[in-house]
Amino acid sequence: MKKRVLAMFLASALCLGLAACQGEKEPETGIYTAGTYEASAQGYGGAVKVTMTFDANNVTDVKIEGADETAGIGSKAVENLPEVIKKANGGEFDGESGATITSGAIKEAVAACIAKAKGEAAEGGELSYTAGT
């Protein structure tokens, strides 16, 4: 009986000791600063504006404006790429076939938005920032 009580006491002390050593975990931080970011780049027909919204780890929304892009060609990139970019979480994505210049402008503006959301220096592009979401 004494051995059993001693064994239970030692097991309890060991568990408490291990629990005390756990310490507090630091809160996880994401790769992005949450918010909405905008950037523009020169497309085929004019400026193409990309607006991206981020939470700490994901792209939550993408909007592209390019009213001066060629109807049926560059306009397809403006219409189709927001969903592609969102699914790729801002990573690598293919441009729209036949709309090379517009797709390139969108990729440039997306890269500038991502750089800003990560707190990195962005090359080129016209940037603006709206805090928090």
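The following paragraphs describe the fold, the nonpolar core, the charged pairs and several individual residues of a predicted model.

The protein chain contains 3 helices and 4 strands, and these elements follow one another along the sequence in the pattern α-β-β-β-α-α-β. Of its 133 residues, 30% count as buried, and the chain exposes about 8800 Å², of which carbon and sulfur atoms supply 54%. Among the contacts with a separation of 6 or more, 51% are accounted for by residues 24 or more positions apart.

The largest nonpolar core comprises 25 residues, and within it Val 50, Met 52, Phe 54, Ile 64, Ile 85, Ile 106 and Val 110 touch the most other members. Two or more residues of this core are given by each of strand S1 (35-42), strand S2 (47-54), S3, H2 and helix H3 (100-117), with H3 giving the most, at 8 residues. The surroundings of one core member, Val 110, include further residues of that group: leaving aside residues up to four places away in sequence, Val 110 touches Val 50, Met 52 and Ile 85, together with Gly 90 and Phe 93. Met 52 also features in a spacing between backbone positions, since its C-alpha atom and that of Ala 39, 13 residues apart along the chain, are separated by 8.8 Å. Ala 39 itself is found in strand S1 and is buried, with a relative accessible area of 0%.

Charged side chains form 2 salt bridges in the model. In one of them, Glu 38 pairs with Lys 49, the closest N and O atoms being 3.6 Å apart; Glu 38 lies in strand S1 and Lys 49 in strand S2, so this pair ties together parts that are 11 residues apart in sequence. Both partners are partly exposed, Glu 38 at 24% relative accessibility and Lys 49 with a relative accessible area of 28%. In the other salt bridge, the side chains of Lys 63 and Asp 61 meet at 3.7 Å, N to O, and Asp 61 counts as partly exposed at 27% relative accessibility.

Glu 69 presents another arrangement of a charged residue. Located in the loop between strand S3 (59-65) and helix H2 (74-87), Glu 69 is buried yet has no salt bridge, and the nearest side chain of opposite charge, that of Lys 76, is 14 Å away. Because a salt bridge requires the charged atoms to lie within 4 Å, the separation of 14 Å between Glu 69 and Lys 76 falls outside that limit. The side chain of Glu 69 has polar partners nonetheless: it reaches the backbone nitrogen of Gly 46 at 3.3 Å and makes a polar contact of 2.4 Å with the side chain of Thr 102. Gly 46 and Thr 102 also appear in the wider contact set of Glu 69, which, not counting residues up to four places away in sequence, further includes Gly 43, Tyr 44, Gly 45, Val 48, Gly 74, Ser 75 and Val 78.

The loop between H2 and H3 contains two residues that merit separate description. Asn 89 is found in this loop and, although not a glycine, has a positive phi of about 55 degrees. Most residues other than glycine have a negative phi. Asn 89 is partly exposed, with a relative accessible area of 24%.

Gly 95 lies in the loop between H2 and H3 as well and is likewise partly exposed, with a relative accessible area of 33%. Apart from residues up to four places away in sequence, Gly 95 touches Leu 81, Ser 103 and Lys 107. For Leu 81, which is 14 residues from Gly 95 along the chain, the separation between the C-alpha atoms of the two residues is 7.4 Å. Ser 103 lies in helix H3 and counts as buried, at 4% relative accessibility. When its neighbours within four places in sequence are left aside, Ser 103 is in contact with Ala 77 and Leu 81 and also with Gly 95 and Glu 96. Leu 81 is therefore touched by both Gly 95 and Ser 103.

Technical notes. Residues are numbered from 1 along each chain as its sequence is written. This is a predicted model: local features need pLDDT of at least 70, side-chain atom pairs count only at pLDDT 80 or more; totals for chains, interfaces and linings use all residues. Side-chain values use heavy atoms; hydrogens and water are left out. Buried means under 20% relative accessible area, exposed over 50%, partly exposed in between (1.4 Å probe, protein chains only). Lys and Arg count as positive and Asp and Glu as negative; His and the chain ends are not counted. A polar contact is a pair of N or O atoms within 3.5 Å; within protein, one must be able to donate a hydrogen and the other to accept it, and residues adjacent in sequence count only if both atoms are side-chain atoms. Contact means heavy atoms within 4.5 Å. Accessible areas come from the Shrake-Rupley method with a 1.4 Å probe; for residues, only the protein chains shown count as cover. A nonpolar core is a set of buried Ala, Val, Leu, Ile, Met, Phe, Trp, Tyr and Cys residues joined through side-chain atoms within 4.5 Å.
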